[in-house]
Structure formats: C-alpha cells, structure tokens
Amino acid sequence: MASFPTETLNLPPPINGQDSTSHNEPLQNADDEQIQPSIPQSTDDVTTTAAEKRKREDVATEGPQSESAEPSPSPSLHPLHKTSLCSYFRKVGTCCHGRTCRYAHGEEELRIRPDNTWDPTSERAKKARKLEDGDKCEAKEDAVEEVMMTEAVVDGDGDGDQDVELSKCLVHLPRKWHSDNLKKFLADHGILYKSAKKKKGMTVGFVKFESVEQLKNAVEELEGISIGNKTLKVANVVPRSFDKNIKSPMTLSGNAKQASESAVPGELAEAHASSNGHEDGNGNDEGLAGDGSGLKVKSARDVVTPLAHMSYSDQLEHKKNSIAQMLKKLTRNARKACPNGVSLPEWIMKSREIGGLPCKLEGILGSPLVNGYRNKCEFSVGYSLQAKPTVGFMLGNFREGVTAVEEPVDCPNVSEIACKYASIFQEFLQQSDLPVWNRFKNSGFWRQLTVREGRTPGKPLDVENLEVNISEVMLIVQVSSATFDDAVVNSEFERLAKAFAAGATASSPSLPLTALVIQDHQGVSNVAPADAPLRLLSIPKADGEPEESNDVVEARIHDSISNLRFCISPTAFFQVNTLAAEKLYSLGGDWADLGPDTLLFDVCCGTGTIGLTLAHRVGMVIGIEMNASAVSDAHRNAEINGIKNCRFVCAKAEDVMGSLLKDYLNPLWEEDEHASEGSNKEITIAEEKDSSRDNVPENEGCSGQDPENDIADSNCPEGSGKEPQSQLQKDCTSEGNSLAQPFKNVVAIVDPPRGGLHPTILGGCSYISCNPETLVANAIELCTPSPDKIEKNKDNRGWRNMSSAGLARHRAKSMPISKPFQPVKAMAVDLFPHTSHCEMVMLLER
Ligand SMILES: C[S@@+](CC[C@H](N)C(=O)[O-])C[C@H]1O[C@@H](n2cnc3c(N)ncnc32)[C@H](O)[C@@H]1O
C-alpha cells in the first residue's frame, strides 16, 4: 500500500486554526493506523475494555458545554482514536471490528481531535461551519453600511448637493422588491418622502425626502426594523458633487506615488491614502479609509489586489493552504456520494493518511513576474465617489448598491502601460459630449476600456523595465450606441482615436498602439457576448492623418509562449499572465505522460495555446473551443508556427466530445475493448477563485462568456466536429498519427471557464484539468464510483441553492456507468499574484 508521508506534502500550518482535517495529525504510518481491512481482526480484550472505557468517557463528556473541556485520551489510546467516523459503519450500519474499531461508530462515539476540530464529515463539523459562515455573513452585513456608496442614482432635479443631503439608502431590503414594494413599505410605516426607488435584484433602495424633518423621522422610524431575517440599515448616499474643472489626479506615468503626490487636495486624496495605508504590511484594518463624508470605503487596490499587503511568499503559503482545503472537499464529497453497497475507492481510504487530501499536493509554483504581470486589463467606466467620470475598478458589488469606480492607483497587478491608457481615456471622458454608463439607469454611452498587450517572441525579458517588453497593444472600448445619433458618435470616435494616438506619442517612452476596436454592447452587465459587434477604428499618425483604411489593418495582437507565436483577436481568451501560463502548460504536459502514441484533447482550447505548445510531444492534438474567433486564431497559430498535427473544432465541448471520442477511439476498441482502460488521463487545470466575482477587475481565467448562450455552430468557421469519420481522417493526415496508426494513450487537458464543464463531457474519457472549485466539482463526478443502477435525475429543483460540491454529488448519481478516475497528484500554480485567485493542475487517472 503506498503511503504519503506528511513531510512530503509541504503543507503550511493551519491558518487561524481553521484547518479542520489536521494534516499534521500523527497518522501517516499506514501500517500503524490500519484503514478498515476487509478481513476481521482478532478481538483484543484489553483494547475492547479500553475502547469501552473511552466510549463511556466520551458519552459523559459530550454536549455543547463539554466540547472545549474534552479530557485527554487515555495514554494507551492513540490520540486520534475515534476522532474520525468509520465509513463502513456509516454505509452499512455495521463494521467487522465492532467495538475495537479505531473509528467512531456514529456521531455519539466521535471524539474531538487534538487540534480542537471535529471530523469534517460529521454533523458537529457541519454545525460549526454553519455557525462560522453565519458569523462571516453578519460581519459582512455590518460592513455594508460602512462601504455604502453609489453613483448618481437619485434623479437630480437641479438641487445639486441638496439632492444628496436629503437622500438616504435603505440597506438589506429583499432582493425581489421593486420600487412599488418599497413605496408600500414606507407608507405602511407612515414615512413621508419625495421619491423612492428600488431595483429588483439589488439589496438597497434609495429614498429622497422633502425636508430635513422628513429625513430625520424616517431614520428614527426605519433604522433597525426587521424585514424577514434581516435588519434594515439606513446609510448615506454617495457621491458628493464633482467639480468638472478639476483635472484627473492620475499622472501619465501611471506611477502610484506620483499619482498620489499630484492628487488635488480635497479630491481623491483620501482614496490614495487608503492604498498607502497598507504599506506598513498591516492588513487588519481591511484597508478601510474615509472618503471625507464620514463613510468608510475601500480603495481600488484593496478590492482588486486584496493580498497585496502580504509578502509574496506569504501569499503563496496562503494560496497553497486554501487549495489544500479545496482539495479536501473532493475527498469529503466523493465519500458522501459513494453509492450504498459500493466500496469506497482506495484513494479515499488512503486520504486519512494525508490529512484528508485526495492525493498529494505537490506544492505551489510562483509567478515569474509578481508586479505588473497582467497582459489584459478591463477598466470599468463610471463615476468616482466624487461623481467624476472615471476609468478604473468598481469598488464593490452592484447588487449592494456599490457602483463607484476608482482609478487603478497602486494596484500592483496592473501594468504601467494599462494605467497610462486608462488615464488617457479618463482625460478624454472629462471632455466628451457623450455620457458615461450609469449602471442603475442602464443608460449612457462609454462603458469599458480593455487594454491587451503582446510581446515579440525570442526577446529576452527585461524584468527591470517591463514596459520595453511590450511590442503591441490593442485597445477595446465598449460603448452602448443604440440611442445616440450616428454623426455625433462617429465624430466622438474620431476624437477618441486622436486622443489615444496623441497620448501614446506624448508618453515617454511612447506607447505601442497596434489596434483600436469599438465593441457595441447594449446589455445590463459589461460582459458582452462573443458576437457583440466590433468596429475597427483607424489610428491617426502623429501628424494627425489617418494611418490606413479599416480593411487593411487587422484587429489582432501577438504574444509568445514557449517560443511559439500566438495571434490573439479582440474577444479571444488568452491567459492574463503569459510567463506563469508557460509554467502551467508545461507542468500539465509533463504530468500527462505524453508521447508519439498520444492523442491529446485540448478541451476549451481558446487560441490553441495548450495543444500547440505540447503538439511536438504527441501524435495528434484535437482542440475544442466554442468561440469562433478563438478557433480561427488557433488555426492561424498552428499555421504561423508550422504545426501540422493539430485539428481545431468550433463547438461546445459537451456537444462534440462524445462523437469525437467515438470516431477516434473506435478502431482501438475494435482491436481490444480494454485498450483505452488504464491509459486514459485527465489533467484538470483549475483556477481557484473568490466567490465575490464582482470585485474582480475582469477575466482572470476565462472569457466570462456564458457558455450556454454564445456561438451557434453555424457561426463557426470550422466544422462542428460532427463530420463523418472520413472527414476526420482527412483532417489529420499530417506528419503525426492518424486513425490508420491508432493512439495508445488518450489524454484530455481540460481548461474550462469559471463555471466548469458540462457534465456530459465528463463521462467520456480520462482527463487532466484547471479552476479549484469547479475542478473539485468536476472531479467529484469523475472520481465517484458509479452506482449499480443509474438514477434518473428527475428532481433538480433547488439546484440554485446547492453548493457546487452538492450539485456535483447530485449529478454523480446520474453519470453514465464507468470506471471512476482517481486523483493522482495536484499542484497549485499562481497566475494571479496579489489576488486570491490561483490555478491548479490535477492529474486524474484510471
Ligand atoms: C479558461 S479559458 C482557456 C483557454 C485556453 N485553454 C488557454 O489556456 O488559453 C476557457 C475557454 O473555454 C471556452 N469555452 C467555454 N465553454 C465552453 C464549452 N462549453 N465548450 C468549448 N469551449 C468552451 C471559452 O470560450 C474559453 O476560450
């Protein structure tokens, strides 16, 4: 039996004592702590007596009041005796060891662990987790009042500042309420007011009063009232008024220090101060700072790079620890989902030896670049706390009424070039005749600026001066043009192109500007569908003349990974940290055990990066991707790099995976129906994420597109993947393997979007994959043994309220019967320094 000594896990100590499965428990020695052998052991009278005594002690000391006063175990017993539930007993209600079993037979026998935690699968642990989550929620709710701020949501009637002074936000209202519900609620409580507004989906409403008296009465009456299980809070309305004549405090250098030095007194000074507040490394105050109105607000730096106050080595330790916690979920949930009457897989049994982990966590790879590493930044356009049109990051969650946007000052993940372009655009907006987007009213014109950067392959990296590494820049400006006059719009675009060109030239050194694209999008959120109309603008030359006609210039930039050149179109996904992505892909390749006999599926391949960088190590690559322009980039990338053993299919993976597998593997199955068994691997590359996505600046890990609603097959430049086999054979008659020369090894590298993969892909073959939470959910489905009979998932009601792991357990019951995968090893790779996100590679085999 393979053992996994704890030393090799290289796990950090528990943070805040939260490590519930105590990886440091002295249980490594598999021979010493035998895991439920199938042959009954002889009963040892002495042990029985001790166990009975122990049990009596346990029963006597149980109950809430005794939990902390747990007596130390008898010296003759292992300190972990009965601190974990017996899975055999749980499944079948009996266990061959009877009372001598070292594991607890039921909750009553369970003892608290030496580190003061309960077996994470026990009811007590669940209760503790719930209480803890409740505390966190309460703390968050209390904080809401502190960070309350909104853009100009109260309709102005010309009173300017008075509008704001006579207005209040009501916080913790039911999401389903709209304005009428709010008005009725106010009337029921006898509140007099001028206007009341509430948008469905938000937890805040806005009330304007006629007089200070009305306002005072309302505050007295409403503050603290219970609505459902929430307590109503009354908060101030932000922003305060902004003087249009005051220029942006952000300097063209984008340098945070210079920016805060140049801040105009009384303007954004406090916001900058809050960023600097973290420089002492003390993150205890959560970076809250005043905005001058008595409210406490977070800075863009706090929101976008919440770990920036920690040293990078501490960040890596922190991420590795949270990945370990995430992995333990896989063990717990696969154990729970294991069907009755089916033995637990060996990896679950062995997990006890490695602190509950499903497999060895090999450690964490750091990012080669820690600052300014992002090659793509999406800046929102909105109002700052002072109501100034601003290009930067939103300070919070729209549902909670936070729409304020602050400049990307002192955000260490943002590149200097991106900061400079944000600043140029912000300057332009101050003078523009067209309005910035108002999220509350869903109206306005300017919505978002995306800055994408590319590098030339083969050039050694200058780490001291990152800007010089960037040779190409694409700017994508998102607008909502539907209600605006074409002539006005066109003239604004012309001015915009001039402003960018002039700003780029004036900067020192001058900034690359390769393509300027307008994306027209009418939707409520800034996440545009992949087919949102794009328009390429001409970039004027320095002397003011337009450079080329639209037909000649292409909206594409290039970057390089592993010395290959990649062409990237405006909406195609490309990892935002190119150098760290290179590490991630090569790790995936190393683990996948690739060779000339390997057929590699690059599932969710984007521009083909994973498949193309590994193509020289396999017989053939098949990339599957639903975004048509990414697929066309992938084709072009294969071509410009002279790679011939790749094929790219434009389709949803769940629609074509089954038929592709059938087409490519059938010849194998005909020869030997077990040929594919044991040689299949899945490598999952997963991104760990924070649940509060709204705070994240933009696509860290995926395009943000809704996989269900995007491109139809008919839009695809290439085949849908449903071609007859003869067509497939024709496609892969390159130097690599073809169907005539069967592949002995099938590997899928799965790099899904944030939402994970559609479950129907998972039943097909073995995989490698990357997003810790969705990976864990997918892995639960892949690694849980099949039941004897598949259940039809008739009742899917309530799935919205389920955790991703709960949903995966539910789905696992209806997966096609197949041999389960087993987790072999995992490694975290940090692509996102200073944020809480992290990628993970996991090898699953069967
Ligand atoms: C995280 S990105 C990874 C891209 C690529 N592997 C890379 O590293 O550059 C996920 C990709 O999956 C694509 N995608 C999302 N859902 C999909 C689906 N159901 N089928 C195929 N592709 C999908 C997205 O368009 C996006 O390009």
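This briefing describes the fold, the cores and selected helices and strands of one chain. The model is predicted, and its chain holds 21 helices and 26 strands. Buried residues account for 49% of the 846 residues, and among contacts with a separation of 6 or more, 70% join residues that are 24 or more positions apart.

**Nonpolar cores**

- The largest nonpolar core has 147 residues, of which Leu449, Leu475, Ile624 and Ile780 touch the most other members; helix H12 supplies the largest share of this core, with nine residues.
- Leaving out residues up to four places away in sequence, Leu449 touches Phe379, Val381, Val391, Tyr421, Ala422, Phe425, Leu475 and Val477.
- A second core, separate from the largest, consists of 20 residues and includes Val171, Ala196, Val234 and Val237.
- As general background, nonpolar side chains in soluble globular proteins tend to be buried together.

**Helix H13**

- Helix H13 covers residues 486–506, and because each residue should add 1.5 Å, its 21 residues are expected to span 30 Å, which agrees with the 30 Å that separates its end C-alpha atoms.
- The buried residues of H13 are Leu496, Ala497, Phe500, Ala501, Gly503 and Ala504; because they cover an arc of only 165° around the axis, they lie on the same side of H13.
- Ala487 and Ser491 are exposed residues on the face of H13 that is turned away from its buried side.
- The cover over the buried residues of H13 includes helix H12 (416–431) together with strand S14 (470–479), strand S15 (515–520) and strand S16 (534–537).

**A four-stranded sheet and its helices**

- Four strands form an open sheet in the order S2-S3-S1-S6, and their pairing is antiparallel.
- Strand S2 (195–198) and strand S6 (233–236) are the edge strands, each with a single partner strand, so one side of each is left without a neighbour in the sheet.
- On average, and with direction ignored, neighbouring strands of this sheet are turned by 25° against each other.
- Strand S1, made of residues 167–171, pairs with S6 in the antiparallel sense over four bridges, and Leu170 stands opposite Val234 in S6.
- Helix H5 (residues 179–188) packs on the sheet, where it touches S2 and strand S3 (204–208), and the direction of H5 makes about 135° with that of S2.
- Helix H6, which comprises residues 212–222, lies across S1, S3 and S6 and runs at about 10° to S1.

**Helix H20**

- Helix H20, formed by residues 772–783, is mostly covered, with 12 of its 12 residues buried.
- Among the buried residues of H20 are the nonpolar Leu775, Val776, Ile780 and Leu782, and they also include Glu773, Asn778 and Glu781; Ile780 is also one of the residues that touch the most other members of the largest nonpolar core.

**The surroundings of Glu582**

- Glu582 is found in helix H14, which runs over residues 578–591.
- With 18 other C-beta atoms within 10 Å, Glu582 is classed as partly exposed, because a residue needs 20 or more such atoms to be buried and 12 or fewer to be exposed.
- Apart from its neighbours within four places in sequence, Glu582 is in contact with Ile561 and Ser562; Ser562 is 20 residues away from Glu582 along the chain, while their C-alpha atoms are separated by 6.4 Å.

Conventions:
Residues numbered from 1 in each chain as written. Predicted model: local features only at pLDDT ≥ 70, side-chain atom pairs only at ≥ 80, totals over all residues. Helix = DSSP H or I, 4+ residues; strand = E, 2+ residues; numbered from the N terminus. Contact = placed C-beta atoms within 7 Å. Expected span 1.5 Å × (residues − 1). Arc of directions from axis to C-beta. Core = buried A, V, L, I, M, F, W, Y, C linked by C-beta atoms within 7 Å. Pairing = 2+ DSSP bridges. Axes fitted to C-alpha atoms, helices over the stretch in contact; angles between N-to-C directions.
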